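Please look through the sequence and the structure shown below before reading on. The briefing that follows takes one topic after another and explains each term where it comes up.

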Amino acid sequence: MQDINIGKLREMCFRQSKIPGEFMLQLRTPGGTFRADLADIVQEVANKYGDGRIHLGTRQTLDITGIKYEYVDEVLKLIEPFIHEIENEVSGVEMETKNGYPYIGPRNVMACIGGDHCIKAAQKSQEMARKIEKIIYPAPYHVKIAVSGCPNDCTKGQFSDFGIIGVTKPVYDQDRCIGCEGCVEKCEQAATRVLSLNEETHKIDKDPCCCVGCGECVSRCPTGAWRRPDVQMWNIVLGGRSGKQYPRMGQMFAKWLTTDSVLQIFSNWHKFSEWVMGGEPKYLHGGHLIDIAGYQAFKEHILDGVKLNPEALISENVLWTEKEYRSNIHLKPLSKHKKVKTPKE
């Protein structure tokens with residue numbers, strides 16, 4: 001039986017199969033879309049070197065199953081145009097593609113169809129996914145990111161290390177308002193009931209505290225009294241995850257960020273990860289790294305040098321609620337506690 005470097009292949013996005021000597025290649029598709037003609041390459045690899053099947057991965061990867069180890073080099077040659085187009089041409093990533101993927105660490109950046117198609121979308125999630133891909137890949141540090149075009153959060157960012165949610169801050173022109181209460185009814189039906197009709201002015205009052213930025217009021221207004229501003233804005237939900245031990249929903253980290261502010265935050269992720277792990281990449285969810293460092297240290301590192309737009313709001317503190325499958329799972333000997341190593345250590 002031949003020796004196989006399982007770890008190296010996994011780093012190249014070849015996942016080990018239950019069948020000895022077989023692997024599944026996970027192809028990245030930031031945002032979950034790609035040119036239709038590229039599917040011909042995937043089909044050829046699956047039929048020629050795999051078992052003829054393609055699995056649609058839960059993080060929007062294209063998974064080619066049943067690839068035998070001895071065909072890995074041939075697969076890399078055949079799949080190279082796909083990787084080059086997706087990463088270099090579409091996402092603007094600077095990396096060599098002739099040897100496949102250099103790292104598996106950052107998982108595929110998920111996105112809904114967003115503003116390219118969806119009538120509910122507040123922002124273009126596809127475009128944001130590709131911009132994030134350019135920043136976080138390639139790198140050895142693990143992170144899961146999901147981008148949604150509106151607060152419906154169809155990509156389930158609540159269960160990713162970072163959930164990026166497109167929002168809008170509708171502008172109200174009271175001179176165009178006829179007091180029909182259409183927006184009030186829509187907000188009550190589909191959002192958070194922050195609008196009400198002022199009985200004296202017959203205009204709309206808004207409680208800005210609880211507006212989720214969905215823009216449903218804009219779509220309902222018959223006179224254009226509500227409109228979306230041109231600026232793109234996003235919320236960030238932080239630290240969500242599934243898993244056997246510590247599943248939890250993410251919590252709000254930032255609201256009303258511009259695209260530039262979001263991208264500056266991601267530009268600090270690898271530095272933060274390197275600091276927490278002492279330069280030794282390990283398979284740890286981003287949420288676990290935040291837990292090890294503590295939220296305040298995370299906030300300091302991730303916002304280092306970031307120029308926040310004036311409307312931006314950042315959580316002073318974040319308190320997650322975990323679902324414990326084992327009672328008192330966090331109680332363990334002090335020697336087994338994870339922590340950031342100090343220079344003295």
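Strand 1 and strand 2 (residues 22-27) run antiparallel and are joined by 3 bridges, where strands count as paired if DSSP finds at least two bridges between them. Helices (H or I, at least four residues) and strands (E, at least two) are DSSP runs that are numbered from the N terminus. This is a predicted model, in which local features need pLDDT of at least 70 and side-chain atom pairs count only at pLDDT 80 or more, while totals for chains, interfaces and linings use all residues. Residues are numbered from 1 along each chain as its sequence is written, and side-chain values use heavy atoms, with hydrogens and water left out.

**The sheet of 4 strands**

- In the pairing of strand 1 with strand 2, Q16 stands opposite F23.
- Both strands belong to an open sheet of 4 strands in the order 1-2-4-3, with antiparallel pairing.
- Strand 1 (14-16) and strand 3 (54-56) stand at the edges with a single partner strand each, so one side of each is left without a neighbour in the sheet.
- From one strand to the next, the twist averages 30 degrees.
- Helix 2 (residues 39-49) packs on this sheet and touches strand 2, strand 3 and strand 4 (62-68), and its direction makes about 25 degrees with that of strand 4; contact means heavy atoms within 4.5 Å, and angles run from 0 to 180 degrees between N-to-C directions of axes, which are lines fitted to C-alpha atoms, for helices over the stretch in contact.
- Helix 3 (residues 72-90) also packs on the sheet, touching strand 1, strand 2 and strand 4, and its direction makes about 10 degrees with that of strand 2.

**The sheet of 6 strands**

- An open sheet with mixed pairing is formed by 6 strands in the order 5-6-7-12-13-14.
- Strand 5 (110-111) and strand 14 (313-314) each have a single partner strand at the edges, so one side of each is left without a neighbour in the sheet.
- Helix 10 (residues 295-302) packs on this sheet, where it touches strand 7, strand 12, strand 13 (251-258) and strand 14, and its direction makes about 20 degrees with that of strand 13.
- Strand 7 (residues 162-167) runs antiparallel to strand 12 (residues 233-238), with 6 bridges joining them, and I165 stands opposite N235 in strand 12.
- Strand 6 (residues 145-148) pairs with strand 7 in the parallel sense over 4 bridges, and here I145 stands opposite F162.
- Because 6 of the 6 residues of strand 7 are buried, this strand is largely enclosed by the rest of the structure; buried means under 20% relative accessible area, exposed over 50% and partly exposed in between, with a 1.4 Å probe and protein chains only.

**Helix 8**

- The buried residues of helix 8 (residues 269-277) are W269, H270, F272, S273, V276 and M277.
- Seen down the axis of helix 8, these residues fall within an arc of 160 degrees, so they line one face of the helix; the arc is that of the directions from the helix axis to the C-beta atoms.
- Among the elements that cover them are helix 4 (125-136), strand 7 and helix 10.
- After helix 8 comes G278, whose phi is positive, near 60 degrees.

**The protein as a whole**

- The protein has 10 helices and 14 strands.
- Of its 345 residues, 48% are buried.
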